[in-house]
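Okay, let's get going, I've got one structure for you today. Have a look at it on the screen while I talk you through the numbers.

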Amino acid sequence: MRKKSVSESQLSREQQAMEKLWEEHLASEFKSKSAEAAINTMVERPSVNHVPVMTGGVGRKQLTHFYDNYFIPQMPPDTQIIPVSRTIGHDRLVDEFVIKFTHTLQMDWLLPGVPRRISRLKSRR
């Protein structure tokens, strides 16, 4: 998903492993569209919170429900993730990206209660 701007030799083994796991997570969400694979890339007691709309969950059971019923099936087929920047610290990775899609599906995980509009949207996250 990402063009590398930092050579792997500049990252510690732990940072390289964290980045690899994150790339696997993104691929499970946006390419294979597998809730199980996405959850399997998370810590033992994961937590996801889409802050603007307070969607997500805590723990594997809630997140499996969220990913299976909302996040993955409500992702428009033309969704594009455009990387802006990536910061890798000692124990965290932060991606900034632009998400573009045509609003062909109701997306309660992002726009709760807003019916599909068939409009092209772009959001920087």
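Before anything else, a word on contacts: two residues are in contact when they have heavy atoms within 4.5 Å of each other. With that in hand, take the contacts between residues at least 6 apart in sequence: 46% of those join residues at least 24 apart. And please keep in mind that what you're looking at is a predicted model.

So, the overall layout. We've got three helices and five strands. Reading from the N terminus, the order goes α-α-β-β-α-β-β-β. If you put a box around the C-alpha atoms along the principal axes, you get roughly 45 × 30 × 25 Å. What about the radius of gyration? For 125 residues, a compact globule would come out near 14 Å, and this protein has 15 Å, so the two agree.

On to the surface. Of the 125 residues, 33% count as buried. The exposed area is about 8100 Å², and carbon and sulfur atoms supply 53% of that. For the electrostatics people: there are 19 positive and 14 negative charges, and their mean positions sit 6 Å apart.

Now, my favourite part, the aromatics. Searching the whole structure turns up six aromatic pairs. Let me pick one of them, F66 with Y70: the ring centres are 6.4 Å apart and the planes make an angle of 25°, so that one is stacked, given that anything under 30 degrees counts. Where do these two sit? Both are in helix α3, residues 59–71, and because they're four residues apart there, about one helical turn separates them. How covered up is each one, buried or exposed? F66 has just 4% relative accessibility, so it counts as buried, the limit being under 20%. Y70 has a relative accessible area of 32%, so that residue is partly exposed. And the pair belongs to something bigger: F30, F66, Y67, Y70, F71 and W109 form one aromatic cluster.

Next, a couple of backbone things that you might want to check in your own viewer. Which residues other than glycine have a positive phi? I'll show you K33 and M54. K33 has phi near 50°, and you'll find K33 in the loop between α1, which is 13–30, and α2, which is 35–39. Its relative accessible area is 38%, so K33 is partly exposed. M54 has phi near 60°, and M54 lies in the loop between β1 at 47–50 and β2 at 55–58. With a relative accessible area of 61%, M54 is over the 50% limit and so counts as exposed.

Let's move on to how residues that are separated along the chain sit in space. Start with L93, which is in strand β4, residues 93–102. What is the C-alpha to C-alpha distance between L93 and M18, which are 75 residues apart in sequence? The answer is 7.5 Å. M18 is also on the contact list of L93: leaving aside neighbours within four places in sequence, L93 touches M18, E19, W22, R86, T87 and I88.

Then there's the loop between α2 and β1, and I've got two residues from that one. E44 is in this loop, and at a relative accessible area of 67%, E44 is exposed. Along the chain, E44 and G59 are 15 residues apart, and their C-alpha atoms are separated by 7.8 Å. N40 is in the loop between α2 and β1 as well, and at 52% relative accessibility, N40 counts as exposed, since the limit is over 50%. Here's the distance for N40: V84 is 44 residues away in sequence, and 26 Å away in space, again C-alpha to C-alpha.

So, if you take a few things home from this predicted model: the radius of gyration of 15 Å agrees with the globule value, one aromatic cluster takes in F66 and Y70, and L93 in β4 has its C-alpha 7.5 Å from that of M18. That's it from me, and I'm happy to rotate the structure for anyone.

Terms used:
Residues numbered from 1 in each chain as written. Predicted model: local features only at pLDDT ≥ 70, side-chain atom pairs only at ≥ 80, totals over all residues. Heavy atoms only, no water. Rg over C-alpha atoms; globule rule 2.2 N^0.38 Å. Buried < 20%, exposed > 50% of the residue type's maximum accessible area, 1.4 Å probe, protein only. Areas by Shrake-Rupley, 256 points an atom, 1.4 Å probe, with all protein chains shown as cover. Lys, Arg positive; Asp, Glu negative; His and termini not counted. Charge placed at Lys NZ, Arg CZ, Asp CG, Glu CD. Phe/Tyr/Trp six-rings, centres within 6.5 Å; stacked < 30°, edge-to-face > 60°.
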